[in-house]
Amino acid sequence: MKKVLLFILVSIIACQSKKVESNEIVLKKVQQEKTFPKLEKDRYNVAFLIMDGTFNTELTAPFDIFQHTIFRENIKAMNVFTVANTDKPITTFEGMRILPDFNYLKDSLPKIDILVVPSAEHHLDTDLEDTAMINFVKRVDTDALYITSHCDGAFVLAKAGLLKDKVSTTFPSDIDKMRATFPNLDIRKEVLFVHDGKYITSAGGAKSFEAALYLCEFLYGKEVAKSLAGGLVIDWNVDKVPHLIVE
């Protein structure tokens with residue numbers, strides 16, 4: 001009788017063990033199935049390049065402005081999404097964890113009309129040695145309508161060779177560093193953003209809102225930009241923002 005009970009107990013444990021293993025396999029399979037964001041037709045595709053150390057404000061400020069275009073009528077609104085070199089969550093400088101929408105190293109990417117390069121912790125040093133990331137920016141630039149950077153994101157654009165013969169700006173206290181790193185570039189102080197051709201570079205921080213609103217005003221007109229600003233309780237008047245537009 002004891003042998004029978006022991007056999008039954010062993011059988012139950014074995015079955016439970018197989019069930020646990022089966023559940024783990026199913027869970028891993030679910031985790032491996034990636035869900036991509038739905039991109040609506042007849043919209044600008046706007047990609048935000050993120051990585052560990054990305055600063056929250058330079059990401060969320062333009063993301064908020066651009067995402068809110070979907071609530072405005074009779075304009076070509078924006079699909080906003082993130083791209084990174086990983087499928088795993090990235091951790092921003094302030095500790096926010098974000099799951100990237102696309103992995104630019106292996107996913108099939110949609111055509112990117114506008115690339116946004118927020119600042120990240122190592123944009124002045126090790127990120128500039130990331131050949132895959134720099135090459136990705138170069139590839140996007142080939143067909144993109146606009147490339148924008150905030151704060152030290154301008155260093156990435158400069159490293160990719162996009163700012164040659166262009167006027168640009170960056171985070172105020174890093175302008176001298178950028179001039180030393182890229183001595184052949186025309187980098188301006190005392191402006192919060194610069195628009196030269198397809199490139200818009202900004203001082204970053206909270207002024208990332210202004211640079212994003214400027215692009216919206218450029219694309220959609222003053223009234224739409226004011227409406228977007230009002231929705232975020234921003235008093236928007238481009239004439240009051242120190243900036244440079246290179247004709």
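Let's start with Glu-210, which counts as buried, at 14% relative accessibility. Please keep in mind that everything I show today comes from a predicted model. So what makes that residue buried? The cut-off for buried is under 20% relative accessible area, and Glu-210 is at 14%, so the label fits.

Now, what does Glu-210 form with Lys-207? The two form a salt bridge, and their closest N and O atoms are 3.6 Å apart. Lys-207, for its part, is partly exposed, at 35% relative accessibility. If you look at the structure above, you can find Glu-210 within helix H6, which runs over residues 208–220.

Let's stay with that helix for a moment. H6 packs against helix H7, residues 222–231, at an angle of about 145°, and the two axes are 7 Å apart. Is the crossing left-handed or right-handed? For H6 and H7, it is right-handed. From H6, the residues making the contact are Leu-213, Cys-216, Glu-217 and Tyr-220. On the H7 side we have Lys-222, Val-224, Ala-225, Leu-228 and Ala-229. Sorted by class, that contact has seven nonpolar residues, two charged ones and no polar ones.

Back to salt bridges. How many does the structure hold? There are eleven. I'd like to show you two more of them.

One is between Lys-106 and Asp-87, with the closest N and O atoms 2.7 Å apart. This pair links distant parts of the chain, since the partners are 19 residues apart. Lys-106 sits in the loop between strand S5 (102–103) and strand S6 (114–117), while Asp-87 sits in the loop between strand S2 (78–84) and strand S3 (90–91). Lys-106 is exposed, with a relative accessible area of 57%, whereas Asp-87 is partly exposed, at 28%.

The other is between Asp-176 and Lys-189, where the closest N and O atoms are 3.3 Å apart. This pair also links distant parts of the chain, 13 residues apart: Asp-176 belongs to helix H5 (residues 175–181), and Lys-189 to the loop between strand S9 (186–187) and strand S10 (193–196). Asp-176 is partly exposed, at 48% relative accessibility. Lys-189 is partly exposed too, with a relative accessible area of 39%.

Let's go back to the loop between S2 and S3, which is where Thr-86 is placed. A polar atom of the Thr-86 side chain lies 3.0 Å from the backbone nitrogen of Lys-88. Which residues does Thr-86 contact, leaving aside its neighbours within four places in sequence? They are Pro-100 and Asn-103.

My last stop is Ala-160, in the loop between helix H4 (153–159) and strand S8 (167–168). Is Ala-160 buried or exposed? Ala-160 counts as buried, because its relative accessibility is 9% and the limit for buried is under 20%. Leaving aside the neighbours within four places in sequence, Ala-160 is in contact with Ile-134, Val-137 and Lys-138. Take Val-137 as one of these: along the chain, Val-137 and Ala-160 are 23 residues apart, and their C-alpha atoms are separated by 6.8 Å.

So that's the tour. If you take a pair home with you, try finding Glu-210 and Lys-207 in the structure above, with their salt bridge, and then follow H6 along to its contact with H7. Thanks for listening!

Key. Residues numbered from 1 in each chain as written. Predicted model: local features only at pLDDT ≥ 70, side-chain atom pairs only at ≥ 80, totals over all residues. Heavy atoms only, no water. Salt bridge = Lys/Arg side-chain N within 4 Å of Asp/Glu carboxyl O. Helix = DSSP H or I, 4+ residues; strand = E, 2+ residues; numbered from the N terminus. Buried < 20%, exposed > 50% of the residue type's maximum accessible area, 1.4 Å probe, protein only. Axes fitted to C-alpha atoms, helices over the stretch in contact; angles between N-to-C directions. Left-handed = near helix turned anticlockwise from the far one by under 90°. Contact = heavy atoms within 4.5 Å. Nonpolar A, V, L, I, M, F, W, Y, C, P; charged D, E, K, R; others polar. Polar contact = N/O pair within 3.5 Å; in protein donor to acceptor, adjacent residues only side chain to side chain.
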